[in-house]
Amino acid sequence: MSLMSVLTRDEAHARARLLDVHRYEIALDLTRGDETFDSRTAIHFTVRGKKKAADTFVELKPADLRSVTLDGEPLDPATLDGNRLPLKGLTPGDHELRVDAAMRYSRTGEGMHRFTDPTDDETYVYTQLFMDDVQRVFAAFDQPDLKAAFDLTVTAPEGWTVLANGITERQDDGTWRAATTPLISTYLVAVAAGPWHSVRTEHRGLPFGIHCRRSLAPHLDTDAEELLDITRALFDRYHEKFEEPYPFDSYDQAFVPEFNAGAMENPGLVTFRDEFVYRSAVTDTERQTRAMVIAHEMAHMWFGDLVTLKWWDDIWLNESFAEYMGYQTLTEASRFTDTWVDFGVARKAWGYDADQRPSTHPVAPGHVDDTAAALLNFDGISYAKGASALRQLVAWLGEKDFLAGINAHFTRHRFGNATLADFIDNLAGATERDVHAWADAWLRTTGVDTLTPKVTRAADGTYTLTVDRTGSRPHRIAVGLYDRDHGDDQGHLTLRDRIELDLPQAADQPIGKRPALLLLNDGDLTYAKVRFDPDSFTAVTGHLCGLPDPLTRAVVWNALRDAVRDAELPPTAYLEAARTHLPRETDLAIVQGVLAFAGTQVTDRFLAPEQRAAGLATLGSLCRDLIRRTEDGDNPGLRLTAVRHFIDVAAHPETIAAWLADGTVPGGPELDPELRWRVLGRLALLGAVDTATIDAELERDPSASGREGAARCRAALPDPEAKRAAWEAMFTSDDLSNYLFTATAQGFWQPEQADLLTEYVERYWADAVSLAARRGPAIAEAAGRWAFPVYAVDPETLGLGERCLQDGEVIPALRRKLVDQLDDLARALRVRQA
């Protein structure tokens, strides 16, 4: 059998011209053992045309292809070539293809993932069919523009519940039947089966449900009302925005184990990673993130599911829209009214970073050749930059015209497929503005514009503003003018005026007297890096925490972050700003974002090795201040954040070991499972625990999360044998699930253990290439993201990586991650040299 083939754009277009696919009948049998399940598929389709016979193919990736018939006539299963079964001499008219196969369960989160819960030995399976993984579950004409109706039956073990895109019912013969779907794309078909714990309700006449593993039932029940309240509020708000009603017969949300993404927008059955069922204490910002993911996936019911892209070059239409709409609608419909602060600190930085690497691409790329290339575009550009572009569009267009265009789009393409051109035409029909020119400037270009203020004193003693712009995009921004409140010894800055400005400027902008701080992009409505004039930088370093609005402070922190990454601000200056201003910061998303960047980037990568101890000490001192500040219990989220980061930067074991022994931080919080594993991981890195201690903790917490914590701890031990065992588990045995692989990789590389890890830096490249080829894109992405030696910031590592990329055997998913990692490594070297 030959290698698996990826579908090209040209092949998909040719097949779409040839076929109309009407209906799939799929029968899955999940009672056939631990390794495979049975899959029987009937596809009803029509070949277009009047006279000429044609050839095409159907895709599947079976463990055993038992039989195939076309219109009742058998086809030879041996003709399966990789993942393609040729269909030759198809005459115009109606046809029926039947396929009977055994398919393999997955342990990598692709296809039909199978998971046995170590807490109670219950087994669960669920599908993740995105891009081209439907072929792992049933035979299909696998491309998004061949939509069809799906009839699904599932044979499942006794005691299981089966969830699917439509309402499911257990039949008299013990099988489960799902209601026929409307027309949907193959990648959106979903099944989740197992002994689920379910909480069900009804809203607007539709059944709603939330589901999780039985072992997580108490935790789901604790948050069930919050989850359902958020779901109902968002559902109602979308119906106020969208004229097209929710297009499916039910709305289930299943929290599933070892899920690779945050969530997946399967119509009627959204699947989420089950870390969103919180076993341990979380901050309100983390609850907001969970709510935003719910909002994001619900937006997809319209944009992505009701109206679907024709080909993967328009994936941004799905993700950018859902990202923008998720944040905006959550702000409008819930108690989480500052969601754009978290977007600015966390998500937007993801977009900025991705857009400055060699792998950058337009939000709307002109041509995506095949599915392997398309998979690489699920990144900070398609999500965060695209959402930022839409937010800028709404600021420029106005929300009324934006929603009018969106609703026209839904009406014209409901249950069909659409392109970027369709989307822009529908927006253009709702406004007199030149949306096509806007799209060319924002969606067809790459890179991040940089905006720099130039303040000039006029003859009359007043000042004017000119904004220098690197880049070519038009921007509508707000400029904040802030004055010092001289009667306030706390250093507060008061907003004097906020000016709206269109770039490029027609003329210099009068600003009156010289402000203490002039802030470009105040309110964060555009996507650009901003710089400060010298006087404004002085005001920022002295009075950042005195700015009144958290979104304003987020813009400033992002500007400082960008300046560090661009080697214009010393990393130590960023740490000093954090040390000065975070103790008085009131927005938790900002605290979390700044501490995350300071810990994972500044101290771990940008500081030279000899500076790292001082950097960690600065962060440790800052966290101690935050812990002391929260002793009164008024801000448990801030205290939890400070405790977490104090653990992560602890250079000596005594304090956190005492916390572990006592089971609590003095004054709280008590150490729940997440904090206990976090402490144990740091103690393992410092060599202050042994494998017996880790084993004892795993016996105390034998859950799936406990197994991951134990794997992380064992890999972190500063012991040659522990490192060897972890490396073999990751790169040789192929037994680790996707989550256990990631946990092991997270523990393995530690800056404190550089001498111990030298040999593995050299081994990484060949072993990662081989692993990716064997185990496929999901593990390849994990190997490039988590198993990469990020601490090894030196020219030798860069050289090893560049030589590896000359190897033509590196699969696309790994190649993309290595390109990004090596560019980040080169950036870290430039920062250190500066």
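Me: Let's say a polar contact is a pair of N or O atoms within 3.5 Å, and within protein one must be able to donate a hydrogen and the other to accept it. Which residue caps the N-terminal end of α10?

Reply: Bear in mind that this is a predicted model. The cap is a side-chain oxygen lying 3.4 Å from the backbone nitrogen of H436, and the cut-off is 3.5 Å, so the pair fits. The residue bringing that oxygen to α10 is D434.

Me: Which elements do the buried residues of α10 pack against?

Reply: Helix α10 spans residues 435–443, and V435, W438, A439, A441, W442 and L443 are buried there. Their packing partners are α4 (315–333), α7 (381–397), α9 (420–428) and β24 (475–484).

Me: Whose charged end sits over the ring of W442?

Reply: W442 is one of the buried residues of α10. Over its ring, 5.4 Å from the centre, sits the charged end of R473.

Me: Which residues have the most contacts inside the largest nonpolar core?

Reply: That core has 260 residues, and helix α14 (residues 588–606) gives the most to it, with 10 residues. One of the two you want is in contact with F321, Y324, M325, L390, L393, V394, L397 and L427, leaving aside neighbours within four places in sequence. The pair with the most contacts inside the core is F402 and L443.

Me: How do the rings of F130 and Y187 meet: stacked, tilted or edge-to-face?

Reply: These two link distant parts of the chain, with F130 in the loop between β9 (123–128) and β10 (149–155) and Y187 in the loop between β13 (176–178) and β14 (191–194). Both are buried. Their centres are 5.5 Å apart with 90° between the planes, and planes over 60 degrees apart don't count as stacked or tilted, so the pair is edge-to-face.

Me: About how far apart along helix α5 are W340 and F343?

Reply: Both W340 and F343 are buried. Their ring centres are 5.0 Å apart and the planes are at 80°, so this pair is edge-to-face. An α-helix has 3.6 residues a turn. Being 3 residues apart in α5 (residues 339–355), W340 and F343 are separated by about one helical turn.

Me: Is G461 buried, partly exposed or exposed?

Reply: G461 is in the loop between β22 (450–457) and β23 (463–470). Its C-alpha atom is 9.2 Å from that of R514, 53 residues apart along the chain. Buried needs under 20% and exposed over 50%, so at 24% relative accessibility G461 counts as partly exposed.

Note on methods. Residues numbered from 1 in each chain as written. Predicted model: local features only at pLDDT ≥ 70, side-chain atom pairs only at ≥ 80, totals over all residues. Heavy atoms only, no water. Core = buried A, V, L, I, M, F, W, Y, C linked by side-chain atoms within 4.5 Å. Buried < 20%, exposed > 50% of the residue type's maximum accessible area, 1.4 Å probe, protein only. Helix = DSSP H or I, 4+ residues; strand = E, 2+ residues; numbered from the N terminus. Contact = heavy atoms within 4.5 Å. Phe/Tyr/Trp six-rings, centres within 6.5 Å; stacked < 30°, edge-to-face > 60°. Lys NZ or Arg CZ within 6 Å of the ring centre and 35° of its normal.
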